[in-house]
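Me: I'd like to go through this one feature by feature. Can you give me the general idea each time, and then the case in hand?

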Amino acid sequence: MRGTEKGKPVSTRIIPAIQKPPRALTAAEFHQLSNVPPEIEWFANLDNPRTRRAYQIDLRDFMGFVGIAQPDEFRTVTRAHVLAWRKNLEGRQLSGATIRRKLAALSSLFDYLCERNAVPLNPVAGIKRPKGNSNEGRTPALGDHQARALLDAPDPTTLKGKRDRAMLAVLLYHGLRREELCLLKVRDIQERRGVRHLRIHGKGNKLRYVPLHPASAQRIHAYLEVAGHGTTADAPLFQPARKTGASITADGVYKCVLSYATQAKIDVDGFGVHSLRATAATNALEHEADIAKVQEWLGHANIATTRLYDHRKSRPEQSPTFKIAY
């Protein structure tokens with residue numbers, strides 16, 4: 001009979017039998033994962049640890065305000081709920097930037113729910129948000145004398161002091177984000193065209209290479225000479241004083257910077273670790289670095305963000321006051 005061979009269908013004769021690979025998930029696990037709410041999926045897709053932490057705090061704030069306990073209850077949220085929350089945030093006298101971020105977190109969730117057809121519309125869309133200052137960022141930059149005082153604050157004779165001197169140099173000479181500093185490993189000090197660079201793991205898993213400043217190189221070398229992990233390529237570059245083999249945490253960097261700022265008598269409103277990034281950018285611009293190059297150096301996707309770090313016009317020492325002489 002045409003189309004058969006020895007009584008077998010053609011498909012059986014031509015297509016070999018497909019062997020199923022061993023199943024990693026049980027049937028119960030498969031069905032459990034297929035029922036994961038899109039609200040949980042959205043949170044799991046946030047790659048940046050800092051964003052995850054901030055959005056988690058923001059959504060807990062909203063959930064506490066409206067009384068949401070389960071993820072699927074977000075689907076009952078209306079525009080009125082969001083407006084009431086915004087009014088509550090304003091009543092708590094939170095900064096405009098904080099309110100914008102909280103609304104952005106909630107809006108991001110609802111955008112995802114709309115994509116998944118879990119809700120018909122985003123109740124945050126069109127909600128008025130506080131205006132930001134488009135000309136100048138809120139993060140203060142240090143003056144040169146303050147930056148020098150901070151760089152010299154750690155004790156150069158102890159292991160912790162050597163580490164902290166190297167960390168402060170990397171922050172002030174390269175404009176790194178706090179998380180980028182924590183992610184550095186020994187192998188991220190690399191030669192490129194005969195010049196040592198830092199390989200930076202930036203936002204969105206983007207890599208950039210920044211030439212290593214001689215002052216930073218000297219301090220890193222002094223630290224690694226006594227730290228004991230300088231020849232271990234996979235080791236975190238900056239580790240806690242108590243040897244654990246782990247990287248210093250973002251919170252550890254924060255406490256370290258603020259401690260030395262107090263020691264150096266730096267009293268600047270709004271000062272934080274990010275101020276060192278603003279200081280580095282401002283200093284580079286003051287010394288005639290091209291703003292497009294500074295944008296690339298900082299790892300900014302948009303040059304408008306870089307302009308927020310340009311504090312040249314607001315530095316007191318540049319005021320006409322100090323140009324007057326009688």
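Me: Which residues of α8 are buried?

Reply: Buried means under 20% relative accessible area, with exposed over 50% and partly exposed in between (1.4 Å probe, protein chains only). In α8 the buried residues are G161, R163, D164, R165, A166, M167, L168, A169, V170, L171, L172 and H174. That is 12 of its 16 residues, so α8 is mostly covered. One caution: this is a predicted model, where local features need pLDDT of at least 70 and side-chain atom pairs count only at pLDDT 80 or more, while totals for chains, interfaces and linings use all residues. Residues are numbered from 1 along each chain as its sequence is written, and side-chain values use heavy atoms, leaving out hydrogens and water.

Me: Where do the helix labels come from, and how many helices and strands are there in the protein?

Reply: Helices (H or I, at least four residues) and strands (E, at least two) are DSSP runs, numbered from the N terminus. Here the protein has 14 helices and 5 strands. Of its 326 residues, 36% count as buried.

Me: What span is expected for α8, with its 16 residues?

Reply: Take 1.5 Å times one less than the number of residues. For α8 the expected value is 22 Å, and its first and last C-alpha atoms are close to that, at 22 Å. After α8 comes G175, with a positive phi near 65 degrees. α10 agrees with its expected span too: 14 residues should span 20 Å, and its end C-alpha atoms are 20 Å apart. Just after α10 sits G228, with a positive phi of about 95 degrees.

Me: At what angle do the axes of α7 and α8 cross?

Reply: Axes are lines fitted to C-alpha atoms, for helices over the stretch in contact, and angles run from 0 to 180 degrees between N-to-C directions. The axes of α7 (residues 144-151) and α8 (residues 159-174) cross at roughly 155 degrees and come within 9 Å. That makes α7 roughly antiparallel to α8 (under 35 degrees is roughly parallel, over 145 roughly antiparallel, 65 to 115 roughly perpendicular, the rest oblique). Contact means heavy atoms within 4.5 Å; here A147, L150 and L151 of α7 meet R165, L168, A169, L172 and Y173 of α8.

Me: Which residues touch the most other members in the largest nonpolar core?

Reply: A nonpolar core is a set of buried Ala, Val, Leu, Ile, Met, Phe, Trp, Tyr and Cys residues joined through side-chain atoms within 4.5 Å. The largest one has 49 residues, and L150, F238, V253 and L276 touch the most other members. α8 gives the largest share, 7 residues. Apart from this core lies another, of 22 residues, including F62 and W85. As for L150, its partners more than four places away in sequence include L168, L172, V257 and L276.

Me: Is E179 buried or exposed?

Reply: E179 counts as buried, because its relative accessibility is 18%. The residue is in helix α9 and, not counting residues up to four places away in sequence, touches R50, R53 and A250.

Me: How many residues apart in sequence are W297 and H174?

Reply: They are 123 residues apart in sequence, yet 8.0 Å apart in space, C-alpha to C-alpha. W297, in helix α13, touches H174 and also, among others, Y173, G175 and R208.
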